[in-house]
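Me: I've got this one open on my screen and would like to talk it through. Could you start with the vocabulary?

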Amino acid sequence: MAKILIIDDDPVIVDLLRLRLTQSGHQVAAAHDAYGAAAAAAQFKPDLVTLDFDLPAGSGVKILERLRGSTFTSATPVVFITAMSPYDLEPLVPADPKIRFLQKPIDMPALGKLMAELLGLPAPAIPPEVAAATPRPPDGGALGGDILDSKP
């Protein structure tokens with residue numbers, strides 16, 4: 001389907017997104033800081049980027065500037081996935097019709113809809129049955145989905 005680059009310093013979030021996105025048929029690459037993000041984007045040439053805002057070695061805005069300055073990613077859609085409120089984040093990010101915001105904890109069905117919209121796909125980019133699946137380790141503990149997908 002699509003090539004998705006995940007840029008986030010939290011390994012639990014990266015693993016969860018990688019799992020759900022690959023189960024949906026997407027190719028996935030990941031970077032954990034600003035340095036790795038630029039290199040991964042140039043090498044992987046993603047169709048869409050998920051981007052945390054607070055990262056080691058640079059903010060999401062700086063990474064976005066680098067992405068927009070590259071011929072490979074100048075028009076690539078970006079979904080900011082962050083704990084920051086969209087109301088606090090939007091004024092810091094340049095207006096762009098290819099940028100969306102999703103607040104943590106991650107709502108996987110909402111992410112699927114945003115991805116489908118940005119990529120021009122007819123259905124959610126993450127099927128509902130994949131978005132709802134929360135794998136459990138053999139000991140019954142949390143794998144990260146409890147935190148990321150919890151409902152108040």
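Reply: Sure: a residue is buried under 20% relative accessible area, exposed over 50% and partly exposed in between, using a 1.4 Å probe and protein chains only. The model is predicted, so local features need pLDDT of at least 70 and side-chain atom pairs count only at pLDDT 80 or more, while totals for chains, interfaces and linings use all residues. Residues are numbered from 1 along each chain as its sequence is written, and side-chain values use heavy atoms, leaving out hydrogens and water.

Me: Big picture, then: what pattern does the protein follow along the sequence?
Reply: Helices (H or I, at least four residues) and strands (E, at least two) are DSSP runs, numbered from the N terminus. The protein has 7 helices and 7 strands. Read along the sequence, they come out as β-α-β-α-β-β-β-α-β-α-β-α-α-α.

Me: And what share of the contacts with a separation of 6 or more comes from residues 24 or more positions apart?
Reply: Contact here means heavy atoms within 4.5 Å. For context, 43% of the 152 residues are buried. Among contacts with a separation of 6 or more, the share from residues 24 or more positions apart is 58%.

Me: Let's go to the front end. Is the β-α-β crossover from β1 to β2 right-handed or left-handed?
Reply: Strands pair if DSSP finds at least two bridges between them; β1 (residues 3-7) and β2 (residues 27-31) do so in the parallel sense over 5 bridges, and Leu5 has Ala29 as its bridge partner in β2. Between β1 and β2 the chain runs through helix α1 (residues 11-23), making a β-α-β crossover. Such a crossover is right-handed if, with the strands pointing away from you, the path from the first strand over the helix to the second runs clockwise. This one is right-handed.

Me: How far apart in space are Ala34 and Ile7, C-alpha to C-alpha?
Reply: Ala34 is in helix α2 (residues 34-44), and its relative accessible area of 2% makes it buried. Setting aside neighbours within four places in sequence, Ala34 is in contact with Pro56, Ala57, Gly58, Ile63 and Arg66. Ala34 and Ile7 are 27 residues apart in sequence, yet their C-alpha to C-alpha distance is 8.3 Å.

Me: What arc do the buried residues of α3 cover?
Reply: The buried residues of α3 are Gly60, Val61, Ile63, Leu64 and Leu67. They lie on the same side of α3 because they cover such a limited arc around the axis. The arc is that of the directions from the helix axis to the C-beta atoms, and its value is 160°.

Me: Why does Thr73 count as buried, or what's its accessibility?
Reply: Thr73 is in the loop between α3 (60-69) and β6 (78-82). Not counting residues up to four places away in sequence, Thr73 touches Ala41, Pro46, Leu67 and Arg68. Thr73 counts as buried because its relative accessibility is 1%.

Me: Now the rings. Are Phe53 and Phe80 stacked, edge-to-face or tilted?
Reply: Rings of Phe, Tyr and Trp (its six-membered ring) pair if their centres lie within 6.5 Å; planes under 30 degrees apart are stacked, over 60 edge-to-face, and the rest tilted. That rule gives 2 aromatic pairs. Phe53 and Phe80 have ring centres 6.4 Å apart and planes at 50°, so the pair is tilted.

Me: Which residues do the ring pairs link into a cluster?
Reply: Phe80 is buried at a relative accessible area of 0%. Phe80 and Phe101 have ring centres 5.7 Å apart with planes at 15°, so that pair is stacked. Phe101 is partly exposed at 22%, whereas Phe53 is buried at 8%. Ring pairs link into a cluster Phe53, Phe80 and Phe101.

Me: Which ring does the charged end of Lys45 sit over?
Reply: Lys45 lies in the loop between α2 and β3 and has a positive phi of about 50° although it is not a glycine. A charge sits over a ring if NZ of Lys or CZ of Arg is within 6 Å of the ring centre and within 35 degrees of the ring normal. Lys3 sits that way over Phe44, 4.9 Å from the ring centre. For Lys45, at 4.4 Å from the centre, the ring is that of Phe72.

Me: Last one: which residue does a cis peptide bond join to Lys104?
Reply: Omega for this bond is about 5°. The partner is in the loop between β7 and α5 (108-119). The residue joined to Lys104 is Pro105.
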